[in-house]
Amino acid sequence: ADSVVFSLWNVEKPLRLYAVFSEEDFLKNDSAMEEINEAYNELLNSDNEEIKQKTQLLLNYIVGRFSIPVDQNENDYKPSALISQLIIDTLDLSGIEIDGLIFKSTKSKNQDFNVAVRPTSCDKKLRCIKAIDCSLQPDKKVICKARYRINKANNMFELEPTLDNFVLQLD
C-alpha cells in the first residue's frame with residue numbers, strides 16, 4: 001500500500017495568490033470568492049481595453065489547462081505544473097512576488113479550491129499544526145494509522161494518542 005500524509009496548516013501571514021478562474025467564475029456572486037472577485041473587478045475598471053482583453057484571453061487559456069481532469073496518470077498534472085511555474089517565474093521577473101496559485105479542484109464534486117503554495121512561502125507564512133499518517137489501499141480505502149500534533153515549543157511532531165484506526169473511502 002502507498003503511504004500518504006494529510007496535514008492541517010494555519011495561515012500565520014496573508015498569502016498573495018494568483019487566481020486561476022474563468023471570467024464566469026469571477027462574475028459569480030459567491031462569498032468564498034469575494035476577495036478574488038474584488039481584485040478582478042479592479043482589473044475590469046482599468047482604462048486599458050487591450051490589457052483587459054488580453055488578460056481575459058490568457059485566463060481562459062490557463063483555466064482550460066487547469067480544468068483537465070487528472071486521474072492516476074501523473075502526466076495529467078504536467079501542463080498545469082508547467083504553467084504554474086511559468087506564472088511564478090514571470091511575475092518574479094516583473095518584481096511581483098506571489099506565494100502561489102488558487103484554482104478550482106477538478107476532483108471535487110463541490111466547488112472546492114486547490115491552493116499550491118511555494119515552499120519558501122510555506123516556511124514563512126504557514127504553520128503545520130497536525131498530521132495524519134495513512135496508507136492508500138488498492139480498493140481506494142485510506143486507512144489512517146497515526147495522528148501527530150506539532151509541539152509549539154520545539155516545532156517537532158508528537159504522536160497524538162488515538163483509540164482506533166479509521167478508514168476513509170475515496171470516490
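Visitor: In which sense do β6 and strand β7 (residues 156-160) pair, and over how many bridges?

Guide: The two strands pair in the antiparallel sense over five bridges; two strands count as a pair if DSSP finds at least two bridges between them, so the five bridges of β6 and β7 satisfy that requirement. One bridge joins Tyr148 to its partner Leu159 in β7. The model is predicted: local features need pLDDT of at least 70 and side-chain atom pairs count only at pLDDT 80 or more, while totals for chains, interfaces and linings use all residues. Residues are numbered from 1 along each chain as its sequence is written, and side-chain values use heavy atoms, with hydrogens and water left out.

Visitor: What names the elements, and what lies between β6 and β7?

Guide: Helices (H or I, at least four residues) and strands (E, at least two) are DSSP runs, numbered from the N terminus. Four residues lie between β6 and β7, which form a hairpin, and Asn155 in the turn has a positive phi of about 60°.

Visitor: How do you know that strand β5 (residues 126-136) and strand β6 (residues 141-151) pair?

Guide: DSSP bridges are again the criterion, and β5 and β6 have seven of them, in the antiparallel sense. Among them is the bridge of Cys134 with Cys144 in β6. The hairpin of β5 and β6 has four residues between the strands, and there Lys140 takes a positive phi near 65°.

Visitor: Why are β2 (17-20) and β4 (113-117) said to stand at the edges of their sheet?

Guide: The open sheet has three strands in the order β2-β3-β4, with mixed pairing. Each of β2 and β4 has a single partner strand, so one side of each is left without a neighbour in the sheet. Neighbouring strands of this sheet are turned by 20° against each other on average, direction ignored.

Visitor: What makes the pairing in this sheet mixed?

Guide: β2 and β3 pair in the parallel sense over four bridges, whereas strand β3 (residues 100-104) and β4 pair in the antiparallel sense over five bridges. In the parallel pair, Tyr18 has Leu101 in β3 as its bridge partner; in the antiparallel pair, Lys104 has Phe113 and Gly100 stands opposite Val117 in β4.

Visitor: Why is Gln56 called buried and Leu8 partly exposed?

Guide: Buried means under 20% relative accessible area, exposed means over 50%, and partly exposed lies in between (1.4 Å probe, protein chains only). Gln56, which is found in helix α3, has 19% relative accessibility and therefore counts as buried. Leu8, in strand β1 (residues 2-11), has 44% and therefore counts as partly exposed. By the measure applied to Gln56, β3 is mostly covered, with four of its five residues buried.

Visitor: Which residues are in contact with Gln56 and with Leu8?

Guide: Contact means heavy atoms within 4.5 Å. Leaving aside neighbours within four places in sequence, Gln56 is in contact with Glu23, Tyr40 and Leu44, and Leu8 is in contact with Arg127, Cys128, Ile129 and Lys130.

Visitor: Why is helix α2 (residues 34-44) called oblique to helix α3 (residues 49-66)?

Guide: Axes are lines fitted to C-alpha atoms, for helices over the stretch in contact, and angles run from 0 to 180 degrees between N-to-C directions. On that basis α2 and α3 pack at about 140°, with their axes 9 Å apart. Angles under 35 degrees count as roughly parallel, over 145 as roughly antiparallel, 65 to 115 as roughly perpendicular and the rest as oblique, so α2 is oblique to α3. In this contact, Tyr40, Leu43 and Leu44 in α2 meet Ile51, Lys52, Thr55, Gln56 and Leu59 in α3.

Visitor: How many residues of each class does the contact of α2 with α3 have?

Guide: The contact has five nonpolar, two polar and one charged residues, where Ala, Val, Leu, Ile, Met, Phe, Trp, Tyr, Cys and Pro count as nonpolar, Asp, Glu, Lys and Arg as charged, and the others, Gly among them, as polar.

Visitor: What makes α3 oblique to helix α4 (residues 78-93), and which handedness does the crossing have?

Guide: The axes of α3 and α4 come within 9 Å and cross at roughly 140°, which makes α3 oblique to α4. α3 passes α4 in a left-handed crossing; a crossing is left-handed if the near helix is turned anticlockwise from the far one by less than a right angle, and right-handed if clockwise. Tyr61, Ile62, Arg65 and Phe66 of α3 make the contact with Ser80, Ile83, Ser84 and Ile87 of α4.
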